[in-house]
Amino acid sequence: MAESLNVIRGKRGPNKISGYRTMRKAKDAIEGKKGISPAKYIMCETDLHEFNSNILQVDTMEKGMVQASYIEYSNIQSLRDCCEGGRSIEDLRSALSSWCAYASTQGTALYSLRRNVPAGVIGKFDIEFRPADPNEARNDFESYGEQVILKTWKEATEKERKTGTMVCALGEEFLYTGPPRMRKFIFTTRAFQGDLPEDLTQAIYEIDNQPFPYPAEVNFANFVRSDMVQHQGYHFFHANKGRIMYSAFLKPEDYDPKKMSMFGDIEIEDKRLIFYPNGDRGMPKDFGELPIE
């Protein structure tokens, strides 16, 4: 089945950026059986809504899996859209909520229930930003006035001119000083089979060091990390017999298996997936028919 999923073999070696200390910690965790083994299979999947089925189709105990998926965000965004409560912020929350739903209930939890083995998935959530385009900058100037053009184009630094947006107003050229826009929500996912690990160093190392050396036929250019890509945090789910535990943290060293929170339980009833948030049997959520294995 793996060959039909655009899967390639690959292992990560030492990386100069990560340094010897990180690799030593990963090696100690693996040899001490406190963490998880390195991934042997790397996957490229751009459809966020499909990656959960790939988790079910890959035997992660023997192969491991690192997979990147993303949601393109191409709509014109106003300054209001980028503020708290604005359309872009709500879309961001929706994207993260969708990833969590697929990763937890329809991914690892269903995997653990059907195969009667514990499994986990950790996802790194990033946002790739872009400068406002000229139309967005102009619309913001017309709506908010001079507060979005605090510096003339001549006063801008070379870096600001290279990455910024110019607005022509009041007979002069200005540097647009409003916020950048969202280009892409990126989820880099590492799935594995096994008990709750004491250490996630290896998994985090693998997802932090994208891109992997994909063959030429796989276009992975969209995942090249640049200065415009900002890390938002890690989200970790672990499931055993359908019971899901959850942890969110900003830095790898913040992970603590003793501080996992109860996320919920799943059951299969008449070929339908039922989710109980926080394990509350009085609040069942019908997730519909099960995905095909």
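## Burial of F275 and F287

A residue counts as buried when its relative accessible area is under 20%, and as exposed when that area is over 50%, with partly exposed in between. F275 has a relative accessible area of 8% and is therefore buried. F287, at 30% relative accessibility, is partly exposed. These assignments refer to a predicted model.

The two rings have centres 5.7 Å apart and planes at 65 degrees, so the pair is edge-to-face. F275 belongs to strand β12 and F287 to strand β13 (residues 285–289), and the pair links distant parts of the chain, 12 residues apart.

## Other aromatic contacts

The structure contains 13 aromatic pairs. In one of them, F125 and F185 meet edge-to-face, with 6.3 Å from centre to centre and 65 degrees between the planes. Because F125 is in strand β4 and F185 in strand β8, this pair ties together parts 60 residues apart in sequence. F125 and F185 are both buried.

A single aromatic cluster is formed by W99, F125, F185, F187, F237, Y246, F263, F275 and F287. Arginines also sit over tyrosine faces: R115 lies over Y111 at 4.6 Å from the ring centre, and R281 lies over Y276 at 4.3 Å from the ring centre.

## Nonpolar cores

In soluble globular proteins, nonpolar side chains tend to be buried together. Here the largest nonpolar core has 24 residues, and M182 and F185 have the most contacts inside it. At least two residues of this core come from each of α3 (87–115), β4 (119–130), β8 (181–193), β9 (229–240) and β12 (272–277). The greatest contribution, 9 residues, is from α3. Apart from this core lies another, of 14 residues, which includes V66, I122, L200 and F236.

With neighbours within four places in sequence left aside, M182 is in contact with Y73, Q77, S88, I89, L92, I127, E128, F129 and R130.

## A three-stranded sheet

An open sheet of 3 strands follows the order β5-β7-β6, with antiparallel pairing. The edges are β5 (151–152) and β6 (166–169); each has a single partner strand, so one side of each is left without a neighbour in the sheet.

Strand β6 is joined to β7 (residues 172–175) by 4 bridges, and the two strands run antiparallel. Across this pairing, M166 stands opposite L175 in β7.

Notes:
Residues are numbered from 1 along each chain as its sequence is written. This is a predicted model: local features need pLDDT of at least 70, side-chain atom pairs count only at pLDDT 80 or more; totals for chains, interfaces and linings use all residues. Side-chain values use heavy atoms; hydrogens and water are left out. A nonpolar core is a set of buried Ala, Val, Leu, Ile, Met, Phe, Trp, Tyr and Cys residues joined through side-chain atoms within 4.5 Å. Buried means under 20% relative accessible area, exposed over 50%, partly exposed in between (1.4 Å probe, protein chains only). Contact means heavy atoms within 4.5 Å. Two strands pair if DSSP finds at least two bridges between them. Rings of Phe, Tyr and Trp (its six-membered ring) pair if their centres lie within 6.5 Å; planes under 30 degrees apart count as stacked, over 60 as edge-to-face and the rest as tilted. A charge sits over a ring if NZ of Lys or CZ of Arg is within 6 Å of the ring centre and within 35 degrees of the ring normal.
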